[in-house]
Amino acid sequence: MISDLQHLLSTLDLDADWIGLRAVRETAASCYIRDGLPEGNAKSLNQGVMVEVMAQGQIGYGAVNSFQPEQIRAAAKTAYQQAIAASRWSIYPATPAIRPKVVGQYASPFQKPLNALSPAEINDLLVRLCKTLKVSEQIVQTLAAAHHETVDSWFVSSNGSEVYQQFSLIETHYGAIAQDGPIVQQRSNNGHLAHCYQGGWELFLDDQLWSRAQQIGQQTVELLTAEECPTTRTTLVLAPDQMMLQIHESVGHPLELDRILGDERNYAGGSFVKPSDFGRLSYGSRLMNITFNPTVSHEFASYRFDDTGAPASREYLIREGVLQRGLGSLESQARLGVPGVSCARASSWNRPPIDRMANLNLEPGEESPAAIIADIEEGVYMEANRSWSIDDQRYKFQFGCEYAKRIENGKLTKTLRNPNYRGTTLDFWHRLSRIGNSETWEIYGTPYCGKGEPNQAIRVGHGSPLCAFKEVEVFGGG
């Protein structure tokens, strides 16, 4: 494919400063089981080419769902015409410096390939999961789902870029709902579709699968008779599966440079962060170290190059609590005059790359989970996101979790249901008082991070240790 795209590129007769071709082929399959019965099985193929043309200081885009040369040439002509038309209303001039020459490859690591299980075997596996979740007649619904996808991406440019990347992606979910009269509770495996990784079936078929499914069923029933989460200010301990959302909403989105520039204000919202904050703003306590890291093995949004060809590297966004850089592409960095990362990403072949999160991780500390809990006289421990709400500046938030425990005199005691907490971003992160070691560090992901017009739902990954926050407002309520 690379040689074909290179040849096609050489035939484009356009008075352009730079041209890029990004071809994408996505093959996917999914299975959904409810109460032990199949509800959906699907396979799909999605492929096409995005053409970027830089002319007169602007970038135009053209896309086509075909690999046929004539159709790609027509898309390139459309992109060129868009760039010329846009030059009359230029906001910031684009130069080839924002599209450096790169050459390289990347492939997701795996042990058990995605084609190792037949559709029938996947169905049988998910049916068995539903049966394992059904630990009581009070379980009124069980569900299990699996989606896997292989994405091939080829990128060439007029200044010599040649990139091939192949992503093996797996998304799994299972959970249950229990009911006792008017009381209804849900429990899932770390929250809805949090188990999203790059790799093979070995990431799902681990030694803990069946015991974990049984535990989820038992905890669903347990929640029916649990106490309501108290309304109080106390020490809040969050498991990594909830820290995933906390990082995503209160760190990832507000640091996107296009939001800070105002590009996303009409749809996804803006940010409380100002350009002058970089290098100066105290975002959280000194324990807070957030990295942008697309190099973590098996994390959902790992890659070697972003969708404009910019090389990926691990970078500190926040170091010892101080804001260092933003989530922004080379063009956003140039426009805003602040440091960013290689995060220009597109959800598919028919979308242009925009500023997106990838793997955004809270680095671990040195404390064991036992030590963290042992030093808390009174607190609440929460797991697995159930609900979320945050304002369009990514500042005020309220999150709900599936499962909680009281912490009393250094021990986890009674189960609590309907746990919630609220806060404001900077105040909350300054309350970070204890952080778990590498043994507590876990990675999760989501395929549903939405942004852009037209909308782009993209894959992101988040890693975090166990964390404790002092004097946080928690409360109950379904």
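**Exercise 1. Is Phe-397 buried or exposed in this predicted model?**

Solution.
- Step 1. The relative accessibility of Phe-397 is 4%.
- Step 2. Buried means under 20% relative accessible area.
- Step 3. Phe-397 therefore counts as buried, because its value of 4% falls under 20%.

**Exercise 2. Find how many aromatic pairs the whole structure holds, then classify Trp-18 with Phe-155.**

Solution.
- Step 1. Searching the whole structure gives 14 aromatic pairs.
- Step 2. Trp-18 and Phe-155 form one aromatic pair, with 6.5 Å centre to centre and 35° between the planes.
- Step 3. Planes under 30 degrees apart count as stacked, and over 60 as edge-to-face. The angle here is 35°, so the pair is tilted.
- Step 4. Now place the rings. Trp-18 belongs to strand 1 (residues 18–34). Phe-155 belongs to strand 5 (residues 139–157). They are 137 residues apart, so the pair links distant parts of the chain.
- Step 5. Check burial. Trp-18 is buried, at a relative accessible area of 2%. Phe-155 is buried too, at 5%.

**Exercise 3. Classify the pair of Phe-397 and Phe-428, and locate both rings.**

Solution.
- Step 1. The centres of Phe-397 and Phe-428 are 5.3 Å apart, with 90° between the planes.
- Step 2. An angle over 60 degrees counts as edge-to-face. This pair is therefore edge-to-face.
- Step 3. Phe-397 sits in strand 18 (residues 396–408), and Phe-428 in helix 9 (residues 425–430). The two are 31 residues apart.
- Step 4. Phe-428 is buried, with a relative accessible area of 2%.
- Step 5. Look at the surroundings. Ring pairs join Phe-397 and Phe-428 to a cluster with Phe-399, Tyr-421, Trp-429 and Phe-469.

**Exercise 4. Which rings have Arg-319 and Arg-422 over their faces?**

Solution.
- Step 1. Arg-319 lies over the face of Tyr-316, 4.0 Å from the ring centre.
- Step 2. Arg-422 lies over the face of Phe-475, 3.9 Å from the ring centre.

**Exercise 5. Trace the pairing from strand 1 through strand 2 to strand 3.**

Solution.
- Step 1. Strand 1 and strand 2 (residues 37–55) run antiparallel, joined by 17 bridges. One bridge matches Ser-30 with Ala-42.
- Step 2. These two strands form a hairpin with two residues between them. In the turn, Asp-35 has a positive phi of about 55°.
- Step 3. Strand 2 pairs with strand 3 (residues 58–64) in the antiparallel sense, over seven bridges. Val-49 stands opposite Val-64.
- Step 4. This hairpin also has two residues between its strands, and Gln-56 takes a positive phi near 50°.

Note on methods: Residues numbered from 1 in each chain as written. Predicted model: local features only at pLDDT ≥ 70, side-chain atom pairs only at ≥ 80, totals over all residues. Heavy atoms only, no water. Phe/Tyr/Trp six-rings, centres within 6.5 Å; stacked < 30°, edge-to-face > 60°. Helix = DSSP H or I, 4+ residues; strand = E, 2+ residues; numbered from the N terminus. Buried < 20%, exposed > 50% of the residue type's maximum accessible area, 1.4 Å probe, protein only. Lys NZ or Arg CZ within 6 Å of the ring centre and 35° of its normal. Pairing = 2+ DSSP bridges.
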